[in-house]
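Here are a few exercises to help you find your way around a new structure. Try each task yourself before you read its solution.

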Amino acid sequence: MKLRLFLVISALVAIVYAVADPFLSGSPSTLPIWSVIVAVGAFIPAIIAFIAQKDSLKTFASDYLSLRKTDWRKAAIVLGATAILSPLLRLVIVGVFGNLLHVSFFGEFSRQFHVNYLGVISWYGSGVADTLMACAGDMVYLFVIGSIVGIFSCLFEEIAWRGFLIKYIKGSDLTMSVISGVVWTLWTLAMTYVVTTWSNALMLLIFNVVLSYWLVRIMRATGSVWTCAMIRGMFSLGAMSFCVVQESHVGSYMVSIIIALILTAVLWGVIRPRAWYGE
């Protein structure tokens, strides 16, 4: 009943956003208003979950935001591995498929690039040493800034997608991943990408389902939506590598999908689900 209520309310809110999007996002006069409405939308999934769960705010916060349930060792391993391996994997994948095999939509590894970390650290790179330095910088950047961005931009969504839904969906990790990935995708499309192409929408769906599997495993292993939000922040910033020139959104999604699959395989033992929610 709680899951059904959550899905119904989410669908109604998403429809309102989808209908309003063409009218408010297409005009310079209303675009600032629409930007604020979309920003507010990042908080709405958690609010809907709170309404559907019908518990006190204290109980709700304890279920999803309590740090006492977090397995800090696993969380640290997952966050560190994601920050370290993501930049390396992105360079290798794009270098092999883009530069060596000339599959254009993967983009290419650039030997001349401009690194700019928040306007504080900036330099132009052109050699192997510069590339390695930029890759190391990306690792630190993802771990610190990516985690912060994830907490501020994704935490309230993760309370719903990998918190509430996992608690009330009965089934395997794959079932949870598909359902949460589909709901997450439809919500995202309603929020900001209603006018996107079918190919981009399809790649977004595939990426969200694959990443959802990774996040569901992380949530069940660490017991923390905080970790999931930080991982999402890392993936968002990781797609904007200073050394990689992307040719298309499809290629960018494909690279991120491969990275998520590799990380899932490499850390399979670490993200083994533990007993949670009375299982």
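**Exercise 1: a helix and its surroundings**

At the start of α9, a side-chain oxygen of Ser 224 comes to within 3.2 Å of the backbone nitrogen of Trp 226. Keep in mind that this is a predicted model.

Task: Check whether the end-to-end distance of helix α9 (residues 225–238) fits its 14 residues, then work out how covered the helix is.

Solution:
- Step 1. Take 1.5 Å a residue; the 14 residues of α9 should then span 20 Å.
- Step 2. Compare that with the model: the end C-alpha atoms of α9 are 20 Å apart, so the two agree.
- Step 3. Now look at burial: 12 of the 14 residues in α9 are buried, so call the helix mostly covered. Among them are Val 225, Cys 228, Met 230, Arg 232 and Phe 235.
- Step 4. Look for what does the covering: the neighbours include α4 (57–64), α5 (72–100), α6 (128–168), α7 (173–192), α8 (198–222) and α10 (249–266).

**Exercise 2: two residues, two settings**

Task: Decide whether Arg 220 is buried or exposed, and do the same kind of sorting for Val 8.

Solution:
- Step 1. Find Arg 220 in helix α8.
- Step 2. Buried means under 20% relative accessible area. Arg 220 has 10% relative accessibility, so it counts as buried.
- Step 3. Check the partner: the side chains of Arg 220 and Asp 173 are joined by a polar contact of 2.8 Å.
- Step 4. Move to Val 8, in helix α1 (residues 2–24). Val 8 has 44% relative accessibility, so it is partly exposed.

**Exercise 3: a hairpin**

Task: Which residues of strand β2 (residues 113–117) lie on its covered face, and how does β2 pair with β3?

Solution:
- Step 1. Sort the strand by face: Phe 113, Val 115 and Tyr 117 make up the covered one, while His 114 and Asn 116 are on the uncovered one.
- Step 2. Follow the pairing: β2 and β3 (residues 121–125) run antiparallel, with 5 bridges. Val 115 sits opposite Trp 123 of β3.
- Step 3. Go round the turn: there are 3 residues between the strands, and Leu 118 has a positive phi near 55°.

**Exercise 4: the core**

Task: Which residues have the most contacts inside the largest nonpolar core?

Solution:
- Step 1. The largest nonpolar core has 79 residues, and Phe 6, Trp 214 and Phe 235 have the most contacts inside it. Helix α6 gives the most to this core, with 13 residues.
- Step 2. Zoom in on Trp 214: the residues it touches include Val 78, Ile 231, Phe 235 and Leu 263.

Methods: Residues are numbered from 1 along each chain as its sequence is written. This is a predicted model: local features need pLDDT of at least 70, side-chain atom pairs count only at pLDDT 80 or more; totals for chains, interfaces and linings use all residues. Side-chain values use heavy atoms; hydrogens and water are left out. Helices (H or I, at least four residues) and strands (E, at least two) are DSSP runs, numbered from the N terminus. The expected span of a helix is 1.5 Å times one less than its number of residues. Buried means under 20% relative accessible area, exposed over 50%, partly exposed in between (1.4 Å probe, protein chains only). Contact means heavy atoms within 4.5 Å. A polar contact is a pair of N or O atoms within 3.5 Å; within protein, one must be able to donate a hydrogen and the other to accept it, and residues adjacent in sequence count only if both atoms are side-chain atoms. Two strands pair if DSSP finds at least two bridges between them. A nonpolar core is a set of buried Ala, Val, Leu, Ile, Met, Phe, Trp, Tyr and Cys residues joined through side-chain atoms within 4.5 Å. Lists of a residue's contacts leave out its neighbours within four places in sequence.
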